[in-house]
Amino acid sequence: MRIENEIKLGFKDVMIRPKRSTLKSRSEVSLQREFKFKHSNHLWKGIPIIAANMDTVGTFEMATVLAEHQLITAIHKHYSIENWRNFLADKPDSFYNYIAVSTGTSKQDAEKLKEITDSFPKIKFICIDVANGYSEHFVDFVKYARDNFNDKIIMAGNVVTGEMVEELLIAGADIVKVGIGPGSVCTTRIKTGVGYPQLSAIIECADAAHGLSGQIISDGGCKIPGDIAKAFGGGADFVMLGGMLAGHTESGGEIVTRNGEKFKAFYGMSSETAMKKHAGGVADYRASEGKTVEIPYRGDVVYTVQDMLGGLRSTCTYVGAARLKELTKRTTFIRVQEQHNEIFS
Ligand code: 5GP
């Protein structure tokens, strides 16, 4: 047994210190970023926020709206090839910049991934997603994906430490997804005791990735727009959101009305709900590591997107970053023991 004594930080442990700025208005701030990737030869432009590949969030309906704002949607892996065909039928080429195909690492997953990418060769992003990115099998799958889908931008995760980020980048990932246990409907920390405070994970993993010309996605734990700003400030190149995009018209599932109030179900992809839906139940050797919750219906996602992006532009003006790209350089975190005032919440 060993103990690391350095304190690791989450979003709740810091605030961003304001800095003198010459920016007059939020409208002067550009949230667009341009990336070249380590392995695949694409140049990507857009706002680097990604809807999570959960079946309640990474939906076709979500992608249609988010793409209009140049945000990416990691489409969940439970759509059939027929669903994909109908969805992509009338989409312009530019649309393919804003969707990723998600996959697990099983043989069936690999076959389906091949079928989808063969049918729709314009697809650029693949998101290889497992709960525990520390397994050898996962690294082998990333190598397989790089060898077999060489022109694609490969996102892979999840991990939380620099040495594993390096290993995945060397294995063929362009972008490594970072986050174990911070998610809004995740119970990994409760069931296993394993995890890493998200802001420290971002800072350490971004440093490792950037040293090898790779990028990272901060995945999970953003509860409010300010957390997205902290994730970018800490060095995340992309930020992935589940809960903040759940509960909208475009999110999966039906609206339930109870006592005149509308709700939508939201659940983790390792929850009992998801496993019953997609795998026929929870296998007896494992525990569910996700929650199921009902959240008040929040209307159309476009308003939430505008609110989030407005907040992020405002962060940039507070620290004098004319472009999102400059935010990390302009960020000084202060460690704190308070966050926002909750008296009326
Ligand atoms: P959120 O933005 O809701 O805080 O976090 C979203 C992320 O939580 C997802 O992108 C995914 O990485 C993670 N996640 C989704 N479902 C589950 C689950 O059932 N268990 C765990 N451990 N993590 C989950």
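Strands here are DSSP runs marked E of at least two residues, counted from the N terminus, and helices are H or I runs of at least four. With that settled, look at strand 8, which covers residues 153-159 and contains Asn 158. Keep that residue in mind, as we'll come back to it. One thing to know before going on: what you have on screen is a predicted model.

Let's start with the whole chain. The protein chain has 11 helices and 15 strands. How does its radius of gyration agree with that of a compact globule? For 345 residues, a compact globule would come out near 20 Å, and this chain has 19 Å, so the two agree. If you turn the C-alpha trace along its principal axes, the spans are about 55 × 55 × 55 Å. Buried residues account for 52% of the 345. The accessible surface adds up to about 16700 Å², and carbon and sulfur atoms contribute 49% of that. As for how the chain meets itself, take the contacts between residues at least 6 apart in sequence: 68% of them link residues at least 24 apart.

Now zoom in on helix 1, residues 60-68. Its buried residues are Phe 60, Met 62, Ala 63, Val 65, Leu 66 and Ala 67. What do they pack against? The partners are strand 4 (49-51), strand 5 (72-75), helix 2 (81-88), strand 6 (99-103) and helix 10 (301-319).

Met 62 is a good residue to click on in this helix. Its relative accessibility is 0%, and since buried means under 20%, Met 62 counts as buried. Leaving out residues up to four places away in sequence, Met 62 touches Ala 51, Val 57, Thr 73, Leu 245, Glu 250, Ser 251 and Val 301. You can also check its spacing to Ala 74: the two are 12 residues apart in sequence, with 9.7 Å between their C-alpha atoms.

Just past helix 1 comes Gln 70. This residue sits in the loop between helix 1 and strand 5. Its phi is positive, near 65°, and Gln 70 is not a glycine. Is Gln 70 buried or partly exposed? With a relative accessibility of 26%, it counts as partly exposed. Ser 213 is another non-glycine residue with a positive phi, in this case about 60°. You'll find Ser 213 in the loop between helix 7 and strand 10 (215-219).

Since helix 7 has come up, let's look at how it packs. Two packed helices are described by the angle between their axes and the distance between those axes. For helix 7 (residues 198-211) and helix 8 (residues 225-234), the axes come within 8 Å and cross at roughly 30°. Angles under 35 degrees count as roughly parallel, so helix 7 is roughly parallel to helix 8. On the helix 7 side the contact is made by Leu 199, Ile 202 and Ile 203, and on the helix 8 side by Lys 230, Ala 231 and Gly 234. Sorted by class, the contact of helix 7 with helix 8 has four nonpolar, one polar and one charged residues.

Next, helix 4 (residues 136-148) and helix 5 (residues 162-171). Their axes come within 8 Å and cross at roughly 30°. That crossing makes helix 4 roughly parallel to helix 5. Helix 4 brings Phe 138, Val 139, Val 142, Lys 143 and Arg 146 to the contact, and helix 5 brings Met 164, Glu 167, Leu 168 and Ala 171. By class, the contact of helix 4 with helix 5 has six nonpolar, no polar and three charged residues.

Tyr 134 takes us back to where we began. This residue lies in the loop between strand 7 (125-129) and helix 4. Its relative accessible area is 31%, which means Tyr 134 is partly exposed. Setting aside neighbours within four places in sequence, Tyr 134 contacts Asn 158, Val 159, Val 160, Thr 161, Glu 163, Met 164 and Ile 180. Gly 162 is 28 residues away along the chain, and its C-alpha is 12 Å from that of Tyr 134.

And so to Asn 158, one of the contacts of Tyr 134. What kind of peptide bond joins Gly 157 and Asn 158? The bond is cis, with omega at about 20°.

Technical notes: Residues are numbered from 1 along each chain as its sequence is written. This is a predicted model: local features need pLDDT of at least 70, side-chain atom pairs count only at pLDDT 80 or more; totals for chains, interfaces and linings use all residues. Side-chain values use heavy atoms; hydrogens and water are left out. Axes are lines fitted to C-alpha atoms, for helices over the stretch in contact, and angles run from 0 to 180 degrees between N-to-C directions. Angles under 35 degrees count as roughly parallel, over 145 as roughly antiparallel, 65 to 115 as roughly perpendicular and the rest as oblique. Contact means heavy atoms within 4.5 Å. Ala, Val, Leu, Ile, Met, Phe, Trp, Tyr, Cys and Pro count as nonpolar, Asp, Glu, Lys and Arg as charged, and the others, Gly among them, as polar. The radius of gyration is taken over C-alpha atoms; the globule rule is 2.2 Å times the number of residues to the power 0.38. Buried means under 20% relative accessible area, exposed over 50%, partly exposed in between (1.4 Å probe, protein chains only). Accessible areas come from the Shrake-Rupley method with a 1.4 Å probe; for residues, only the protein chains shown count as cover.
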